[in-house]
Amino acid sequence: MQTLNTRFGEIEIDPETVLTFPRGMPGFEDCTRYKLLHEEQPNPRVRWLQSLDDADLSFSLVQVEHLGLSYEVSLSDEECALIELEQAEDAVLLLLLSRPFEEGKDISANTQAPVVLNIKSRKALQKTGIRADIVFRS
């Protein structure tokens, strides 16, 4: 059990819950180990991806479905092998959220580079350059 002091306070890390980005994320290639955090409530909408390699680094995430979006992401054989993805139903799509520094601007989701998480292997990658049709569900 590892303990990490972050902006979320001191958190204990069970090694069985660590997420691994084998290549890191674009711009943060040296950070490969993360813990997914969320508020203690049923079905939390926003989650935080806290780096275990850099306590000052975290990302806000939301599941695609929570935004009423639906789209497909195609992974290469190499990408599937990288995150040990064998079945599509084991993948969860998450979008990175960002808040502009300018006051009065809305929070936005990066729909061009979703995070693909294999819930079985706990390995993930950020798939950049998505040019998929996005469908809003009502």
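Before we start, one definition: Ala, Val, Leu, Ile, Met, Phe, Trp, Tyr, Cys and Pro count as nonpolar, Asp, Glu, Lys and Arg as charged, and the others, Gly among them, as polar. With that in hand, hello everyone, and please keep in mind that we are looking at a predicted model.

Let's use those classes straight away, on the second largest pocket. Its lining residues divide into 5 nonpolar, 4 polar and 1 charged. You can pick them out by name: Arg7, Phe8, Trp48, Ser58, Phe59, Ser60, Leu96, Leu97, Ser98 and Asn110. Strands E6 and E8 are the elements that each give two or more residues to this lining. The volume of this second pocket comes to about 170 Å³.

Now for the largest pocket, which has a volume of about 320 Å³. Of its 18 lining residues, the ones closest to the centre are Val73, Ala88, Ala91, Leu93 and Val116. Two elements give two or more residues here, namely strand E7, residues 69–70, and E8. Which element gives the most to this lining? That is E8, with 3 residues. By class, we find 12 nonpolar, 2 polar and 4 charged residues around the largest pocket.

One of those central residues, Val116, takes us to strand E10, which spans residues 115–118. In a regular strand the side chains alternate between the two faces of the sheet. Are the residues on the two faces of E10 buried or exposed? Val115 and Leu117 on one side are buried, and so are Val116 and Asn118 on the other, which leaves both faces covered.

E10 also has partners. Strand E8, residues 91–98, runs antiparallel to E10 and is joined to it by 4 bridges. With E11, E10 pairs in the antiparallel sense, again over 4 bridges. Val115 is a handy landmark, since its bridge partner in E11 is Gln126, while Leu94 has Val115 as its bridge partner in E10.

E10 and E11 form a hairpin with 4 residues between them. Have a look at Arg122 in that turn: its phi is near 65 degrees, a positive value in a residue other than glycine. Most residues other than glycine have a negative phi. Arg122 counts as partly exposed because its relative accessible area of 27% falls between the 20% and 50% cut-offs.

Glu84 is another residue with a positive phi, near 55 degrees. You will find Glu84 in the loop between helix H1, residues 77–82, and E8. At 43% relative accessibility, Glu84 is partly exposed too.

Just past E11 comes Lys127, in the loop between strand E11 (123–126) and strand E12 (135–136). Why does Lys127 count as buried? Its relative accessibility is 15%, and buried means under 20%. Leaving out residues up to four places away in sequence, Lys127 touches Val73, Ser74, Leu75, Glu79, Gln112, Ala113, Pro114 and Val116. A polar atom of the Lys127 side chain also lies 3.4 Å from the backbone oxygen of Ser74.

Let me finish with Asp56, in the loop between strand E5 (46–51) and strand E6 (58–63). Asp56 is exposed, with a relative accessible area of 64%. Its C-alpha atom is 7.2 Å from that of Arg7, although the two residues are 49 apart along the chain. And Arg7, you may recall, is one of the residues lining the second largest pocket. Thanks for listening!

Conventions:
Residues are numbered from 1 along each chain as its sequence is written. This is a predicted model: local features need pLDDT of at least 70, side-chain atom pairs count only at pLDDT 80 or more; totals for chains, interfaces and linings use all residues. Side-chain values use heavy atoms; hydrogens and water are left out. Buried means under 20% relative accessible area, exposed over 50%, partly exposed in between (1.4 Å probe, protein chains only). A polar contact is a pair of N or O atoms within 3.5 Å; within protein, one must be able to donate a hydrogen and the other to accept it, and residues adjacent in sequence count only if both atoms are side-chain atoms. Contact means heavy atoms within 4.5 Å. Two strands pair if DSSP finds at least two bridges between them. On a 1 Å grid over the protein atoms alone, a cavity is a set of points where a 1.4 Å probe fits but cannot get out, and a pocket is an open set with protein on both sides within 12 Å along at least five of seven lines; lining residues have an atom within 4 Å of a point. Grid points are joined across faces, edges and corners, and a volume is the space filled by probe spheres set on the points.
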